[in-house]
Amino acid sequence: MKFKYLFPFFIFSFLLTGVNAQDAASLVKSIQSKLEKINDYEADAKFKTEISFLKVPDAVVKIYYKKPDRIKIKNQNGISLVPKETVSISLYSLLNSHYTALDGGTDLVQGITVRIIRLLPADENAELVLATLYIDVKRLLILKAKTTTRESGTNEVELFYGKFLPVGLPDRIIFSFNTEDFKLPKGVTFDYDDGSAKSKTAESRKNQRGKIEITYLNYIVNKGLPDSLF
């Protein structure tokens, strides 16, 4: 699965709000500094995949992460389907790119008033076109992020925090993505949700959303994972 990033015609409407862009940039910088402290982690997690035209069993997986963007998901009982190049797991990688940060006002996420910050890449030819962050300013946490790329439209991730809040990592993550261009990894097959030929066509996938939910059971942070693991 590949992802797209939107065009900066939004700039004019953002500027009309009269919000200080420097404030938005400072807030994003503070989030980046917080994420900077996590060099790597190893975690056990429950992995649930919902794709309407596939039957994918739930699994317990091992997740390895190393900044800026190395991620490996290991499932002893099979393969875990994760859209490729999703910046949702590695927000650090997203915030370390070159961008212009613009204030988008406020919203309510998980019952919390959040600040909306939109990131426009400095390179107009970049794969990422637009990223929208929903930030809990008091705790300096990203509760939701939307990314738009040049190849697969807008994808969304929501992050829920609880017992792992002291290390700044989520207890649960829910990804939502377009399934129209979804392709199974080479050599991998799953049962379709029904036996009809129609369920297998690209036409039937239009405007459909897939969902991946990861519930973390534990973390080992800054263990010093070797590059060879990835």
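**Salt bridges and strand pairing around S3**

The side chains of Arg115 and Asp103 come together in a salt bridge, with an N to O distance of 2.4 Å. This contact links distant parts of the chain, since Arg115 belongs to strand S6 (residues 112-121) and Asp103 to strand S5 (residues 99-109), 12 residues apart. Both partners, Arg115 and Asp103, are buried. The model is a predicted one, and a search of the whole structure finds 11 salt bridges in it.

Strand S3 offers a good place to continue. Spanning residues 59-66, S3 has eight residues, six of which are buried, so the strand is largely enclosed by the rest of the structure. One pairing partner of S3 is strand S1 (residues 40-50), which runs antiparallel to S3 and is joined to it by eight bridges. Within this pairing, Lys46 stands opposite Val60 of S3. Strand S4 (residues 70-74) also pairs with S3 in the antiparallel sense, here over five bridges. Lys62 has Lys74 of S4 as its bridge partner. Three residues lie between S3 and S4, and the two strands form a hairpin.

Lys62 brings the strand pairing and the salt bridges together. Its side chain meets that of Glu42 in a salt bridge of 3.5 Å, N to O. Glu42 lies in strand S1 and Lys62 in strand S3, so this pair ties together parts that are 20 residues apart in sequence. As for accessibility, Glu42 has a relative value of 12% and therefore counts as buried, the cut-off being under 20%. Lys62, with a relative accessible area of 22%, is partly exposed. The contact also belongs to a wider arrangement, as Glu42, Asp44, Lys62 and Lys223 are linked in a network of salt bridges.

A further residue of S3 takes part in a salt bridge: the side chain of Lys66 meets that of Asp227 at 2.6 Å, N to O. Here too the pair links distant parts of the chain, with Lys66 in strand S3 and Asp227 in the segment after strand S12 (209-221), 161 residues apart. Asp227 is partly exposed, and its relative accessible area is 43%.

Taken as a whole, the picture around S3 is a pleasingly connected one. The strand pairs with S1 and with S4, while salt bridges run from Lys62 to Glu42 and from Lys66 to Asp227.

Notes:
Residues are numbered from 1 along each chain as its sequence is written. This is a predicted model: local features need pLDDT of at least 70, side-chain atom pairs count only at pLDDT 80 or more; totals for chains, interfaces and linings use all residues. Side-chain values use heavy atoms; hydrogens and water are left out. Buried means under 20% relative accessible area, exposed over 50%, partly exposed in between (1.4 Å probe, protein chains only). Helices (H or I, at least four residues) and strands (E, at least two) are DSSP runs, numbered from the N terminus. Two strands pair if DSSP finds at least two bridges between them. A salt bridge is a side-chain nitrogen of Lys or Arg within 4 Å of a carboxyl oxygen of Asp or Glu.
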